[in-house]
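Let's take a walk through this fold, one piece at a time. Keep the viewer open and turn the model as you read.

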Amino acid sequence: MRLYNTLTRQVEELPEPPGPIRMYFCGPTVYQRAHIGNARPFVVGMWLRAWLRRRGHEATLVHNITDVNDKIYDAAPGASAQLAADATAWYLEDTGDLGLGMPDLLPKATESVPEIVSFIEQLVASGHAYPVDGDVYFSVATDPGYGRLSGQKPDQVEEQEPNPLKRDPRDFALWKATKPGEDTSWDSPWGRGRPGWHIECSAMAEAAFGPAFEIHGGGLDLVFPHHENELAQSSALGHEFAKLWMHNGMLEFSGEKMSKSLGNDVSLRNVLDTWGREVVLLFFLAAHWRSPVDFNDETLTQAKGRMDGFRATLLAASDGEAPGWDRFEEALDDDFNTPKALAVMHEWAGTLLRQPLERALGIFGIEPPKAREKSEEVLKLATQREQARLNKDYEEADRLRGEIARLGWDVRDTPEGWSLEERY
């Protein structure tokens, strides 16, 4: 299997099965309900793990929770710990409702402080970091390769965290001294404080996998400064860290089109409640993981149309051979090209082949529909409607048709009588 590596700017081969393939995908900073955009790295990571396992790899996915961060303190001064706990529960509930299962490990920054402090101590001892009045900063000048992941030129990097006491404006915080209003802090060799954002992920990734692992993933917005700084910290200690970096494209929003269905509430919860998990999954499936994707009513309606079409096919299709399965595998093995795989799935739908389509949808967590039995209530309403038609009470017949539709069925009138078909 091949994947694009942000670090080398080329598609690279993964190790042959069984691997292992160890993956660390950056998770959310938990200070509010998760945004639909937060779902994309989660979905890509879970799909990739599922596909790698089907191809015979020993694949492991770690997806962290950033539950100590400036954004959380700003959102809930004096109550950040409670907000982080609540938002973590929301995130796990909402991503759980995608129906893809959960990563193998979900480490929290607050549970990783001993490993983080130890990591910083090593950086200070090796001359790559220095303390200043209770803060500790990484010295960017000690990393001659800084900028290799993002393409940033070291002499053009702007100051990330202003502090006149830093040796270099480019230096970034590894440890931050406790400030008024911050309700969570830990002891350290530099005084009470809490970790910086970037060191959290370096420490959690290495605690899970050691100093080298196969894949580091996350959104394109994390390439700089977050992932650049992670790479600098771990490289400073001589660690190989991630061999391949994959960054998913961002969601692009057009509020005018989106507002009708979602009211511009683009939380994952609202999107799931409004459109359903299978529409969300097919929405993501239609775009290559590295590409940006428009998020609006039109693209969601297109995804719903695909889902309705697949449901109809599976309920009407027959079992048969799976022509094109090799092309489906080739698409996913070639930089996990889900749009190309989706095109093959549409071919199966067009020729009414249930077996390969059902199998392919299952890879992406989309369950085949089950034919519902016609309830006594539906049959009774259909009989009453037929009688109303015979009595030429068409108004009553239309009302009963609406009741039947509400229960998920359409009435079809034929010369031989009426029949019921499921609505999609």
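One bit of vocabulary before we start: a crossing of two helices is called left-handed if the near helix is turned anticlockwise from the far one by less than a right angle, and right-handed if clockwise. Bear in mind too that what you're looking at is a predicted model.

With that in hand, find helix H10 (residues 297–316) and helix H13 (residues 354–363). Their crossing is left-handed. The two pack at an angle of about 135 degrees, and their axes lie 9 Å apart. Angles over 145 count as roughly antiparallel and 65 to 115 as roughly perpendicular, with the leftover range called oblique, and H10 and H13 are therefore oblique to each other. On the H10 side, the contact is made by Phe310, Thr313 and Leu314, while H13 brings Arg354, Leu357, Glu358 and Leu361. Sort those residues of the H10 and H13 contact by class and you get four nonpolar, one polar and two charged.

Now for a second helix pair, H5 (residues 197–209) and H6 (residues 223–236). The axes of H5 and H6 come within 8 Å and cross at roughly 60 degrees, which makes H5 oblique to H6. Is the crossing of H5 and H6 left-handed or right-handed? It's right-handed. H5 puts Trp197, His198, Ile199, Cys201, Ser202 and Glu206 into the contact, where they meet Pro225, His226, Asn229, Glu230, Gln233 and Ser234 of H6. By class, the contact of H5 with H6 has four nonpolar, six polar and two charged residues.

H5 also leads us to a sheet. This one is open, with four strands in the order E4-E3-E9-E10 and parallel pairing. At its edges sit E4 (59–63) and E10 (241–248), each pairing on one side only. From one strand to the next, the twist averages 25 degrees. Zoom in on E9 (residues 212–219) and E10, which pair in the parallel sense over seven bridges; there, Ala212 has Phe241 of E10 as its bridge partner. Helix H1 (residues 36–54) packs on this sheet, touching E3 (21–25), E4, E9 and E10, and its direction makes about 170 degrees with that of E3. H5 packs on the sheet as well, touching E3, E4, E9 and E10, with its direction at about 155 degrees to that of E3.

There's another open sheet to find, again of four strands, ordered E5-E6-E7-E8 with antiparallel pairing. Its edge strands are E5 (129–132) and E8 (193–195); each has a single partner strand, so one side of each is left without a neighbour in the sheet. Here the twist averages 20 degrees from one strand to the next. E7 (residues 172–177) and E8 pair in the antiparallel sense over three bridges, and the bridge partner of Lys176 in E8 is Arg194.

Last, head for helix H9 (residues 277–285). Nine of its nine residues are buried, so H9 is largely enclosed by the rest of the structure. Even Arg277 and Glu278 are among the buried ones. What do the buried residues of H9 pack against? The partners are H1, E11, H8 (268–275), E12 (293–295), H10 and H12 (338–350). One of those, E11 (residues 251–253), is home to Phe253, which counts as partly exposed at 37% relative accessibility. The C-alpha atom of Phe253 is separated by 40 Å from that of Thr142, 111 residues away along the chain.

Terms used
Residues numbered from 1 in each chain as written. Predicted model: local features only at pLDDT ≥ 70, side-chain atom pairs only at ≥ 80, totals over all residues. Heavy atoms only, no water. Pairing = 2+ DSSP bridges. Axes fitted to C-alpha atoms, helices over the stretch in contact; angles between N-to-C directions. Contact = heavy atoms within 4.5 Å. Parallel < 35°, antiparallel > 145°, perpendicular 65-115°, else oblique. Nonpolar A, V, L, I, M, F, W, Y, C, P; charged D, E, K, R; others polar. Buried < 20%, exposed > 50% of the residue type's maximum accessible area, 1.4 Å probe, protein only.
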